[in-house]
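Please open the model in your viewer and keep the selection box handy. We will go from stop to stop, choosing a few residues each time and looking at what is there.

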Amino acid sequence: MRQVGNGVAVTFLAGGMALAEPVTVVALGDSLTAGYGLADQGEGLVPQLEGWLRAKGADVVVQNAGVSGDTTAGGLARIGWALGPDTDALIVTLGGNDLMRGIDPEAAKGNLEGILKEAAARKLPVLLVAMKAPGNFGPEYKAAFDQMYGELASTYGAILADDFFAGLRSAGADPTDPASMAAYMQPDGIHPNPEGVKLIVEGLGPKVEELLAQVAPAP
């Protein structure tokens, strides 16, 4: 397979005839990736992201490997089988449930590192999407958690999206202020509604385009 631009992969057959194939991106994550709580699963992060990319001209399939309630440890435990033989790139959006459980940032970092090592072993480009810690567990916890994503991205050459909720912030919402988030969230105040997902996709989309540009040609 060889990428020829705009997220298009091409398989060259005998005789030189080229057959276009979509690039396959696996989105590994938790309920934010899975589309928890949405009545129409077509309004979730993965289908909205795929639609956004296709509207930009990318021939891409985004596979939903989100599991509600998953932590970084859960993601590490299933990364081996989540990455199928046709996977061309990986998006990792994990850490929210680690935050809710107050898991040691060093443990979370080690789990994310294991995921990145597996991707590196398969020569897959990665987009690492960061979650921002609240101040509940103190400034040292927040600093350690917030910093780990950038450190890992630098070490493993991953693309970094430094805030999952960047698209909501751009719309004037503040994840630390529930009132400003209400229009974009489900009643639980944790998971985005379809409009919130749309804004999150608009924030993440350009980073995913960077990811597609890194899809390596097959030998």
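## Starting at the central pairing

Select L90 and V126 first: L90 stands opposite V126, which belongs to β6. You are looking at a predicted model, so please read every value below as computed from that model.

Now widen the selection to residues 89-93, strand β5, and to residues 126-129, strand β6. The two run parallel and are joined by 3 bridges. A further pair to pick out is V92 and L128, where V92 stands opposite L128 of β6.

Stay on β5 for a moment. Is this strand enclosed or open? It is largely enclosed by the rest of the structure, because 5 of its 5 residues are buried. Colour A89, I91 and T93 one way and L90 and V92 another: the first group lies on one side of β5, the second on the other, and both faces are covered. In a regular strand, side chains alternate between the two faces of the sheet.

## One strand further

Next, select β6 by itself. V126 and L128 point one way, L127 and V129 point the other way, and all of them are buried.

Then add residues 159-161, strand β7. β6 and β7 also pair in the parallel sense, over 3 bridges. To see where they meet, show L127 and I159, since L127 stands opposite I159 of β7.

## Zooming out

Before going on to the open spaces, show the whole protein as a cartoon. Its secondary structure comes to 9 helices and 7 strands. Of the 219 residues, 47% are buried. Taking the contacts between residues at least 6 apart in sequence, 71% join residues at least 24 apart. If you switch on a surface, you will see about 10000 Å² exposed, with carbon and sulfur atoms supplying 55% of it.

## Inside: the cavities

How many cavities of 30 Å³ or more does the structure hold? There are 2.

For the largest, select A27, L28, T33, L45, V46, L49, I91, T93, L127, V129, L204 and V208, which line it. The elements giving two or more residues to this lining are β3 (18-29), α2 (45-55), β5, β6 and α9 (194-213). You have already met I91 and T93 on one side of β5, and L127 and V129 pointing the same way from β6. The most comes from α2, with 3 residues. The volume is about 70 Å³, and the lining divides into 10 nonpolar and 2 polar residues, with no charged ones.

For the second largest, select S31, L32, G35, Y36, L38, L45, Q186, H191, P192 and V197. This cavity has about 40 Å³ of space. Its lining has 6 nonpolar and 4 polar residues, and again no charged ones. Keep L45 highlighted as you switch between the two selections: L45 is in the lining of the largest cavity and also in that of the second largest.

## Outside: the largest pocket

Which residues should you centre on for the largest pocket? Try M131, K132, F165, P175 and I190, which lie nearest its centre among the 27 lining residues. α1 (31-34), α4 (96-101) and α8 (178-181) are the elements that each give two or more residues to the lining. Of these, α4 provides the largest share, 4 residues. The pocket has a volume of about 760 Å³. By class, its lining holds 13 nonpolar, 9 polar and 5 charged residues.

## Two residues to finish

Click on L99, which lies in helix α4. Is L99 buried or exposed? Its relative accessibility is 9%, so L99 counts as buried, the cut-off being under 20%. Leaving aside neighbours within four places in sequence, show the residues in contact with L99: M131, K132, A133, P134, F137, Y141 and F145. If you draw a distance from L99 to K132, 33 residues along the chain, their C-alpha atoms are separated by 8.8 Å.

The last stop is K123, in the loop between α5 (105-121) and β6. Check the backbone here: K123 has a positive phi of about 60° although it is not a glycine. With 69% relative accessibility, K123 counts as exposed.

Terms used. Residues numbered from 1 in each chain as written. Predicted model: local features only at pLDDT ≥ 70, side-chain atom pairs only at ≥ 80, totals over all residues. Heavy atoms only, no water. Buried < 20%, exposed > 50% of the residue type's maximum accessible area, 1.4 Å probe, protein only. Pairing = 2+ DSSP bridges. Contact = heavy atoms within 4.5 Å. Areas by Shrake-Rupley, 256 points an atom, 1.4 Å probe, with all protein chains shown as cover. 1 Å grid on protein atoms, 1.4 Å probe; cavity = no way out; pocket = protein on both sides within 12 Å on 5 of 7 lines; lining within 4 Å. Points joined across faces, edges and corners; volume = space filled by probe spheres on them. Nonpolar A, V, L, I, M, F, W, Y, C, P; charged D, E, K, R; others polar.
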